[in-house]
Amino acid sequence: METIRRYFRSPVAVLGLLLLVAVCAAALGAGLWYPKNPLSLAGRPLQWPGDNARFLLGTDQVGRDIAAQVLHGARVTLAIGLAATLVSVLIGVALGSVAGYYGGLADDLLMRVTEAFQILPNFLLLLVLVAVFGSDLRTVVLAIGLVSWPPVARLTRSEFLTLKTREFVQAGRALGMGDLRLIFREILPNALPPVIVYASVIMATAILLESALAFLNLSDPNVPSWGNLIGGGRGVIRVQWYVSAIPGIAILLTVLAISLVGQGVNDALNPRLKRS
């Protein structure tokens with residue numbers, strides 16, 4: 001309860017939470033407001049917002065309702081961010097736990113693999129994976145997760161190196177606990193808070209990476225993601241800039257909300273932390 005109170009003491013964190021709740025509400029209510037396929041043709045192409053009462057945010061270059069795509073795109077974009085974050089956290093925590101707990105050869109080998117992944121820029125490696133394995137939604141999610149795990153692994157490793165020498169771990173080892181029990185029941189629960197906080201950074205980055213892929217026509221074109229809407233409006237951006245600007249604002253607000261919530265959680269879990 002004290003952690004929750006510390007979180008709500010920060011106006012910025014509360015603002016981020018409200019923005020994130022609004023985005024989630026839009027995603028959940030998309031099917032109610034727009035039950036039809038958001039990628040189906042709805043009217044005359046390139047109608048500006050406000051020109052037609054039927055299309056609150058106008059239509060894109062092929063005549064699809066932008067409002068329907070934005071609301072349904074919230075669902076797709078959040079799902080991509082959550083799934084990619086889960087993949088990266090699972091990989092990073094698994095490798096970081098083994099490296100930090102056992103040390104020695106396992107630590108050296110796994111950290112060299114981690115450094116090999118960190119040498120290449122994330123987006124460049126992501127482009128290679130998508131080019132080789134395809135651009136369907138599952139492949140894109142897995143590819144984003146595969147390029148995002150190294151920081152999680154290093155963070156988990158550092159936490160394990162600190163915690164494995166603590167008294168409660170030594171006591172568990174003296175009581176005859178096995179390695180798996182010590183890792184999953186004693187050390188990992190205490191190592192997770194900073195990983196959970198960092199997960200907000202991964203989720204925000206995952207949304208931006210998918211949007212960048214879609215802008216380059218390398219994401220799944222069969223889903224109404226915000227990135228696809230931005231990429232579709234690229235050809236008319238000089239005269240009908242709203243086609244790309246509206247989903248761009250949605251991405252900006254969502255990434256901002258996730259970042260503010262992550263910062264609020266970080267401050268709540270670390271009450272002594274002071275912002276510079």
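Let's start with the crossing of helix 5 and helix 6, which is right-handed. Keep in mind as we go that this is a predicted model. Helix 5 covers residues 122–133 and helix 6 covers residues 137–148. Their axes come within 9 Å, and they cross at roughly 145 degrees.

So who meets whom there? On the helix 5 side you'll find Asn122, Leu125, Leu126, Leu129, Val130 and Phe133. Across from them, helix 6 brings Thr139, Ala143, Ile144, Leu146 and Val147. Sorted by class, that contact holds nine nonpolar residues, two polar ones and no charged ones.

Now, a word on confidence. The protein chain averages a pLDDT of 88, and 97% of the residues score at least 70. Where is confidence lowest, and where is it highest? The low end is helix 1, residues 2–8, with a mean of 83, while the high end is helix 3, residues 66–102, at 93.

Helix 3 also takes us to the next topic, since it is among the elements that give two or more residues to the largest nonpolar core. That core has 26 residues. The others giving two or more are helix 2 (11–33), helix 9 (179–215), helix 10 (226–232) and helix 11 (242–269). Which of them supplies the largest share? That would be helix 11, with 10 residues. If you want to click on the residues with the most contacts inside the core, try Ile66, Val70, Trp226, Val243, Ile251 and Ile258.

Let me zoom in on Trp226. Setting aside its neighbours within four places in sequence, Trp226 touches Val23, Gln69, Val70, Gly73, Ala74 and Thr77. The list goes on with Pro247, Ala250, Ile251 and Thr254. Two of the names there, Val70 and Ile251, you just heard among the core residues with the most contacts.

Last stop, for those of you who like to check backbone torsions. Leu46 has a positive phi of about 55 degrees, although it is not a glycine. Leu46 sits in the loop between helix 2 and helix 3. Is Leu46 buried or partly exposed? Partly exposed, because its relative accessible area is 23%, and buried would mean under 20%.

Asn217 is another residue other than glycine with a positive phi, near 60 degrees. You'll find Asn217 in the loop between helix 9 and helix 10. With a relative accessible area of 55%, Asn217 counts as exposed, because the cut-off for that is over 50%.

That's my tour, and I'm happy to take questions!

Terms used. Residues numbered from 1 in each chain as written. Predicted model: local features only at pLDDT ≥ 70, side-chain atom pairs only at ≥ 80, totals over all residues. Heavy atoms only, no water. pLDDT = per-residue confidence, 0-100. Helix = DSSP H or I, 4+ residues; strand = E, 2+ residues; numbered from the N terminus. Axes fitted to C-alpha atoms, helices over the stretch in contact; angles between N-to-C directions. Left-handed = near helix turned anticlockwise from the far one by under 90°. Contact = heavy atoms within 4.5 Å. Nonpolar A, V, L, I, M, F, W, Y, C, P; charged D, E, K, R; others polar. Core = buried A, V, L, I, M, F, W, Y, C linked by side-chain atoms within 4.5 Å. Buried < 20%, exposed > 50% of the residue type's maximum accessible area, 1.4 Å probe, protein only.
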